[in-house]
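Here are a few exercises on charged pairs and overall layout, each with a worked solution. Have the sequence and the model open, and try each task before reading on.

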Amino acid sequence: MQDDTGAVENRIISDIAAAATLSALEDVRVAALGKKGEVSALLKTLGGMDAEERQRLGPLFNQLKIRITEALQSRRDSLEAEELTRRLASETLDMTLPVDTDPQFEGRIHPVSQTMEELAVIFASMGFDVAEGPDIESGFYNFTALNIPDAHPARQMHDTFYLTAEEEGEALLLRTHTSPVQVRTMEAGARADGEEDGPPFRFIAPGRTYRCDSDQTHTPMFHQIEGLVIDKTTHMGHLKHTLEAFLTAFFEVDNVAIRFRPSYFPFTEPSMEVDIRCHRDGGKLIVGAGDDWMEIGGSGMVNPHVLRHAGIDADVYQGFAFGMGIDRLAMLKYGMPDLRAFFSADLRWLKHYGFLPIDVPGLAGGLSNKTLAVK
Ligand code: DAH
């Protein structure tokens, strides 16, 4: 019978052919080639044979094993192919069906995220890059480089959150404004036209800011947008035009009027607060026209000390900076009454004031061509 590998082979091969599933095929493999399998048992008998018999039967048994292994492999390939075809046929997806979402679970984009996108789109159309800086700052970038030295009263005014961690002997802090990104970005030499290091610069820096302050219009964490333009001949006319163009596009009105009020910031000279013309209509604030003014941010011509701290030649370059509260801008545009609700993670609030992903900010409100260029 040991000679009769042909019969064994035929039987096993027909078992292989008859295996209708991968697991049935695996059973056949184990019965033939597994530890206690029929073919394995045959191979084991070689050890007890004399040399002559082993020489005769060894190649026979090995050939048997090889052919069975090949037959198993080819059956496995075709079963897998069949399985794939079956799955492809049964698991079709109709991409044209409406999306199966329960509106209750639909996510919303937070008004602050939406507003940040809007700011980026509007300023990008005026040629501004978007710069970022760290939330955890050093005293140097948050104050000193912005011309606010150690004993300066402005340091107290900022209600700073200090960390216990230090860097170079000075406590780290949560940045109290986005202005440190001015210095960091100038230092890094990101140039508006991307060609070489150094000025001109034209960028905005939106982000989170922190102050130890909390009431209806202040939260310990809030958002600001910083703007900076540095070139050889940049002047206050450019600043006014930029702010007007931005506010017109942002509030989607034909015209906004702004006014500058003299103010003081250590990092600008001269410094101005920016007011936007508005009026109240039954408790609702209408921006753009009217007989009232509303403060929306600070601005000024960058103080030469700040340029020098960032390694810029202040005898050659000059420019303007501005800073505005993003949450305030969102409240004015979308009419939320209380800032604290922005960060209380109330789903009902988010459903009401949030945006759907398809509400992609564009320039529908319109930056007209004439407002685009800041030369
Ligand atoms: N950093 C100021 C603040 O948080 C806002 C500000 C004022 C930024 C004037 C500026 C600026 O860039 O020029 O109160």
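**Exercise 1.** Classify Glu-91 by its relative accessible area, then find the partner of its side chain.

*Solution.* Step 1: Glu-91 has a relative accessible area of 49%, so the residue is partly exposed (buried means under 20%, exposed over 50%, partly exposed in between, with a 1.4 Å probe and protein chains only). Step 2: the side chain of Glu-91 meets that of Arg-87 in a salt bridge, at 3.4 Å from N to O (a side-chain nitrogen of Lys or Arg within 4 Å of a carboxyl oxygen of Asp or Glu). Step 3: Arg-87 is partly exposed as well, at 44% relative accessibility.

A word on the ground rules: this is a predicted model with residues numbered from 1 along each chain as its sequence is written. Local features need pLDDT of at least 70 and side-chain atom pairs count only at pLDDT 80 or more, while totals for chains, interfaces and linings use all residues, and side-chain values use heavy atoms, leaving out hydrogens and water.

**Exercise 2.** Which elements does the salt bridge between Glu-137 and Arg-184 tie together?

*Solution.* Step 1: the N to O distance for Glu-137 and Arg-184 is 2.6 Å. Step 2: Glu-137 sits in strand 2 (residues 136-137) and Arg-184 in helix 8 (residues 180-188), so the pair links parts 47 residues apart in sequence (helices, H or I of at least four residues, and strands, E of at least two, are DSSP runs numbered from the N terminus). Step 3: Glu-137 is buried at 1%, whereas Arg-184 is partly exposed at 28%.

**Exercise 3.** Repeat the analysis for Arg-280 and Asp-292.

*Solution.* Step 1: the closest N and O atoms of this salt bridge are 3.7 Å apart. Step 2: Arg-280 belongs to strand 8 (residues 268-281) and Asp-292 to strand 10 (residues 292-302), so parts twelve residues apart in sequence are tied together. Step 3: Arg-280 is exposed at 54%; Asp-292 is partly exposed at 29%.

**Exercise 4.** Now zoom out: how many salt bridges does the whole structure hold, and how far apart are the C-alpha centres of domain 1 and domain 2?

*Solution.* Step 1: the search finds 18 salt bridges. Step 2: shared partners join Arg-259, Arg-261, Glu-273 and Asp-275 into one network. Step 3: an automatic or database assignment divides the chain into domain 1 (2-88) and domain 2 (111-353). Step 4: their C-alpha centres lie 76 Å apart.
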